[in-house]
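Student: I would like a close look at one part of this structure, and then at what else can be said about its surroundings. Please keep the answer plain.

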Amino acid sequence: MHRLAADDVLAPDASPQLSRSSTKTIATDITIPTTTRTMREITATVAPLSGATRATDYQWRPPSPPHINIPPILDDQVQTLPAYIGDVAEENHEILKHITQGNYSVETSTWKYTWRRTAQPVLAFLYLGPASIARDLEFLKREGITMLLVVRDAVSASQGLYSGKKAEVELEVKSEFVNISDHQDLIRKFPDAVQKINQHLVEEFRKQGGLQKIQNHELGKPNTWGKVLVFCESGNERSPAVVAAYLMTLYQIPMVTAIQYIQQHRFCVAFDDALKNLLLSYEQLLEAKRSVMSVPISSPESISANGSSAVRSVSAHAKRGRDEVEEDSMDMDMGDADDEARFRGRSTFAPFLSGS
């Protein structure tokens, strides 16, 4: 038997688990059995007996991501995507410019609950829906779908689920896959998904003689160069995230605008805070990439032997010496104005309150 005095200190990490056979008693002669009990549990029991009360309930889970509010679109508001911008360094930039064209608009419309079982065209060449619609050969044939892009987890991929083989065999529809281990893996696969969609559109464009039509000023409509159906099991979570990333990449719109635009076409999509924060991180990556690409590059310094390519390099600045670095460090303002701005107005929080 061991008696805990009032001044005993309970270190959370000092003894993670006590002996099965031992018991401890508090100064009030209340016995607490410690069989397989952690020090954290004992602390929670001892606190009220020693005159302290909890300020709030305990929570044994990691903090939730910050909530991102997506404002609803008003009934009389019309959303219009800008013209295609994309990446000017893209090899097929001009072709994609003709394919996507941009300036798509959508008005607020009445949503029917049964529409969740089918697919909706987010763009003239990009559809979004559930896995069940990918097995509907009549729908695929009627809408002219030329490629299926499935977003699935690793377990479904290992079992060959949502493969689109039936449509590939009977309708000669191409199938592509975005296999992920979890939601966090999506951000790594966004560029790959965008590339697969664009590559297919360019292939269809060339197959249908798009270049010749451009030269003859016979520009086709966006829906004449192939159509892609992006889907996941429900069509409401992972596949909408891929479509949002595609819109953000090609039209350089923010995450909130992309989600609003998709919701106008498929109201049943469900972007939870984890997905929204993932897309926000992807938006920041796109902005960083565009900032790097906008940095002016010096004139070519050398040309290859056959004269076909030039090596571009950014002019290098002389590396600062140690004396310069130390001098800058001495001149640095070490004030605490930033900390004051961060913590000003915050209420104090004490985990325990005195019982007196």
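In which sense do strand E7 and strand E8 pair, and over how many bridges?

Tutor: The model is a predicted one. In it, strand E7, made of residues 120-123, and strand E8, made of residues 126-130, pair in the antiparallel sense. Three bridges link the two strands. Leu123 has Leu126 in E8 as its bridge partner. The connection from E7 to E8 is a hairpin through two residues.

From E8 the chain can be followed further. Asp136 is found in the loop between E8 and helix H3, which covers residues 137-143. Asp136 is partly exposed because its relative accessible area is 31%, and buried would require under 20% while exposed would require over 50%. A polar atom of the Asp136 side chain lies 3.2 Å from the backbone nitrogen of Glu138. Asp136 can also be placed relative to Ala167, which is 31 residues away along the chain. The C-alpha atoms of Asp136 and Ala167 are separated by 8.4 Å.

Another loop residue to look at is Asn236, between strand E11 (228-232) and helix H8 (238-251). Asn236 has a relative accessible area of 15%, so it counts as buried, the limit being under 20%. The side chain of Asn236 makes a polar contact of 3.2 Å with the side chain of Arg266. If neighbours within four places in sequence are left aside, the residues in contact with Asn236 are Arg266, Cys268, Val269 and Ala270.

Next comes helix H9, residues 255-265. This helix is mostly covered, as eight of its 11 residues are buried. Among the buried residues of H9 are Met255, Ala258, Ile259 and Gln260. Tyr261, Ile262, Gln264 and His265 in H9 are buried as well.

The last part concerns the surface. Tyr58 lies in the loop between strand E4 (52-54) and strand E5 (78-80). With a relative accessibility of 32%, Tyr58 counts as partly exposed, because this value is neither under 20% nor over 50%. Together with Trp60 and Phe352, Tyr58 makes a nonpolar surface patch of about 330 Å².

To return to the part you asked about, E7 and E8 are an antiparallel pair, and a hairpin through two residues joins them.

Methods:
Residues numbered from 1 in each chain as written. Predicted model: local features only at pLDDT ≥ 70, side-chain atom pairs only at ≥ 80, totals over all residues. Heavy atoms only, no water. Helix = DSSP H or I, 4+ residues; strand = E, 2+ residues; numbered from the N terminus. Buried < 20%, exposed > 50% of the residue type's maximum accessible area, 1.4 Å probe, protein only. Polar contact = N/O pair within 3.5 Å; in protein donor to acceptor, adjacent residues only side chain to side chain. Contact = heavy atoms within 4.5 Å. Pairing = 2+ DSSP bridges. Patch = residues over 30% accessible without salt bridge, like charges linked within 9 Å, V, L, I, M, F, W, Y side chains within 5 Å. Areas by Shrake-Rupley, 256 points an atom, 1.4 Å probe, with all protein chains shown as cover. Salt bridge = Lys/Arg side-chain N within 4 Å of Asp/Glu carboxyl O.
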